[in-house]
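Please look over the sequence and the structure shown below, and keep both at hand while reading the report that follows.

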Amino acid sequence: MQDEMIRWREAAEAIRKRADTQPKIGLVLGSGLGPLADEIEDAVILPYEEIPHWPQSTVVGHSGVLVIGQLAGQPVIAQRGRAHFYEGYSMAQVTFPVRVMQQLGAETFIFTNAAGGVNRSFEVGDIMLIEDHINFVGMSGQNPLMGPNEETIGPRFLNLAQAYDAHLRKIAIQEADRLGLTLRKGVYFHLSGPFFETPAEIRLVANLGGDAVGMSTANEVLAAVHGGSKVLAFSGITNQAIDQIDSERKTNHEEVLEAGLVIVPRLISLLRRILKAL
Ligand code: HPA
């Protein structure tokens, strides 16, 4: 972990040289949700390739820049485009941005992702507050906490019972209510992808307690909690996961990006209010 920590610090140093604000809040923007970063004022925009060791995103819909500035009066650092495990990155690389944002001062993280709705009451365009997760990938040992632990960063045996901060969730619910926005709540189920699931896999996810399914976030949350940060997270429901083999529907990335267009303005209004309330 020592080598990794050196890399975190080198990246943080390079960012500090380009942007003199000290971010308090780290924002991670999922597939199709990148336009949220356009709302950031006095923005310094850093392409990932200009930051040492930073994992480059290879996915359409993830533009690959870090945006540092102010949003609703709060100093933020936003990751527009993330690296996924399915791209071939290690879990250390997937969580590298979170570690660097922590080095820069981020104490709170707001994660967003695109997810398939498994809970049948969810509709495309809904926003789900992540109350808890099932890290199907991480549980098998594919997680960033494997290997030597650095006690100065976080504990060896991490408590995740309160991973999604209760106070932040309460603020989110309250602000959604004030906005008149239907905020779904549920369990995010993390699978590696990059394939969309079979109907039997979706029924498995449902039976195991997942409300939404997606290919990111859970391991980033581990790194954030490990480093002592508070976490708030949302899934944008971009499609209804297909759980019957006789369905005529097909899930594809275009559909995911298209639904992002509906979700972005809703999330912007909600995030602005949450940031103001912090
Ligand atoms: N499954 C997995 N990941 C996703 C989905 C899905 O249906 N939609 C958006 N991300």
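How many residues of the shell around the ligand are nonpolar, how many are polar and how many are charged?

## The shell around the ligand

In this predicted model, the shell around the ligand divides into six nonpolar residues, four polar residues and one charged residue. The residues concerned are Ala114, Ala115, Gly116, Phe196, Glu197, Val213, Gly214, Met215, Thr238, Asn239 and Val256.

Three strands, namely β5 (108-117), β8 (212-214) and β9 (230-240), each supply at least two residues of this shell, and β5 gives the most, with three residues.

## Polar contacts and burial

Two side chains bring an N or O atom to a nitrogen atom of the ligand: for asparagine 239 the distance is 2.7 Å, and for glutamate 197 it is 2.9 Å. The backbone also takes part, since an N or O atom of the main chain of alanine 114 lies 3.3 Å from a nitrogen atom of the ligand. Taken alone, the ligand exposes 260 Å², and the protein buries 95% of that area.

The space that the ligand takes up is the largest pocket.

## The protein as a whole

The secondary structure of the protein comes to eight helices and nine strands, and the C-alpha trace spans about 55 × 40 × 35 Å along its principal axes. Because a compact globule of 278 residues would have a radius of gyration near 19 Å, the 18 Å found for the protein agrees with that expectation.

Terms used: Residues numbered from 1 in each chain as written. Predicted model: local features only at pLDDT ≥ 70, side-chain atom pairs only at ≥ 80, totals over all residues. Heavy atoms only, no water. Near = heavy atom within 4 Å. Polar contact = N/O pair within 3.5 Å; in protein donor to acceptor, adjacent residues only side chain to side chain. Areas by Shrake-Rupley, 256 points an atom, 1.4 Å probe, with all protein chains shown as cover. 1 Å grid on protein atoms, 1.4 Å probe; cavity = no way out; pocket = protein on both sides within 12 Å on 5 of 7 lines; lining within 4 Å. Sits in = over half its atoms within 2 Å of the grid points. Helix = DSSP H or I, 4+ residues; strand = E, 2+ residues; numbered from the N terminus. Nonpolar A, V, L, I, M, F, W, Y, C, P; charged D, E, K, R; others polar. Rg over C-alpha atoms; globule rule 2.2 N^0.38 Å.
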